[in-house]
Amino acid sequence: HRAPTLKKAVVSTQSTGESINSRLALVMKSGKFTIGYRSTLKSIRQGKSKLIIIANNTPALRKSEIEYYCMLAKVGVHHYSGSNIDLGTACGKYFRVGALCITDPGDSDIIRSMPTE
């Protein structure tokens, strides 16, 4: 009973997921970023971050801590639709990425394109 509704949700986010992945690839090429939970928190504390991307299977406590820091620093948070494996692949890395902080978007319009949550 629940499987079809899940499939619909995946299909509806497909186009936005693709555009996020392409923008993320552009940031990896031309911008500045930090990968990982601890370095993400560090850059939020230093006030360098422009956008935070969190994988959907990041532990709830970590996710809420990053969101709290972002709320204090007035930084946008994007919940990536895929797992940490998918986020790592989207970054062009061969390892898992749970949290990602964009400090300089480079040529990408990723910060303007993200809906403010």
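Colour the chain by secondary structure and start at the N terminus: the elements run α-β-α-β-α-β-α-β-α. That gives five helices and four strands. Keep in mind that this is a predicted model.

**The whole chain**

Show the surface next. The protein chain exposes about 7400 Å², and carbon and sulfur atoms supply 56% of it. Of the 117 residues, 36% are buried. Now think about contacts between residues at least 6 apart in sequence. In this chain, 79% of them join residues at least 24 apart.

**Strand 4 and its partners**

Select residues 99-104. This is strand 4, and five of its six residues are buried, so the strand is largely enclosed by the rest of the structure.

Add residues 32-35, which form strand 1. Strand 1 and strand 4 run antiparallel, joined by four bridges. To see the register, pick Ile35: Leu100 of strand 4 stands opposite.

Now add strand 2, residues 51-54. Strand 2 also pairs with strand 4 in the antiparallel sense, over four bridges. Here, click on Ile52; its bridge partner in strand 4 is Cys101.

One point helps while you look at these side chains. In a regular strand they alternate between the two faces of the sheet.

**The nonpolar cores**

Which residues have the most contacts inside the largest nonpolar core? Select Leu24, Ile53, Leu87, Leu100, Ile102 and Ile110. The core as a whole has 16 residues. Helix 1 (3-30), strand 2, helix 4 (84-90) and strand 4 each give two or more residues to this core. Helix 1 supplies the largest share, four residues.

Centre the view on Ile53. Leave aside residues up to four places away in sequence, and Ile53 still touches Leu24, His78, Tyr80, Leu87, Gly98, Ala99, Leu100, Ile102 and Ile110. There is also a second, separate core, with 11 residues. Among them are Ile44, Ile52, Ala99 and Cys101.

**Ser43 in helix 2**

Move to helix 2, residues 37-46, and select Ser43. Is Ser43 buried or exposed? Its relative accessible area is 4%, so Ser43 is buried. Show what surrounds this residue. Beyond the neighbours up to four places away in sequence, Ser43 touches Thr34, Lys48, Ser49, Cys101 and Thr103.

**The salt bridge**

How many salt bridges does the model have? The count is one. Select Arg23 and Asp109 to find this salt bridge; the closest N and O atoms are 2.8 Å apart. Arg23 lies in helix 1 and Asp109 in the loop between strand 4 and helix 5 (110-113), so the pair ties together parts that are 86 residues apart in sequence. Side chains of opposite charge can pair when their charged atoms come close.

Check how each partner sits at the surface. Arg23 is partly exposed, with a relative accessible area of 22%. Asp109 is also partly exposed, at 31%.

**Asp107 in the same region of the tour**

Stay in the loop between strand 4 and helix 5 and pick Asp107. Asp107 counts as exposed, at 63% relative accessibility. Draw a distance from its C-alpha atom to that of Arg23: you should get 9.1 Å, for residues 84 apart along the chain. Then show the contacts of Asp107. Leaving aside neighbours within four places in sequence, Asp107 is in contact with Leu26 and Ser30.

**Helix 3 and the loop after it**

Go to helix 3, residues 60-73, and select Tyr68. Tyr68 is partly exposed, with a relative accessible area of 48%. Add Met71 and Leu72. With Tyr68 they form a nonpolar patch on the surface, and the accessible area of the three together is about 350 Å².

Finish at Lys74, in the loop between helix 3 and strand 3 (76-79). What is special about the phi of Lys74? Phi is near 55°, a positive value in a residue other than glycine. Lys74 counts as exposed, at 76% relative accessibility.

Terms used: Residues numbered from 1 in each chain as written. Predicted model: local features only at pLDDT ≥ 70, side-chain atom pairs only at ≥ 80, totals over all residues. Heavy atoms only, no water. Buried < 20%, exposed > 50% of the residue type's maximum accessible area, 1.4 Å probe, protein only. Contact = heavy atoms within 4.5 Å. Areas by Shrake-Rupley, 256 points an atom, 1.4 Å probe, with all protein chains shown as cover. Pairing = 2+ DSSP bridges. Core = buried A, V, L, I, M, F, W, Y, C linked by side-chain atoms within 4.5 Å. Patch = residues over 30% accessible without salt bridge, like charges linked within 9 Å, V, L, I, M, F, W, Y side chains within 5 Å. Salt bridge = Lys/Arg side-chain N within 4 Å of Asp/Glu carboxyl O.
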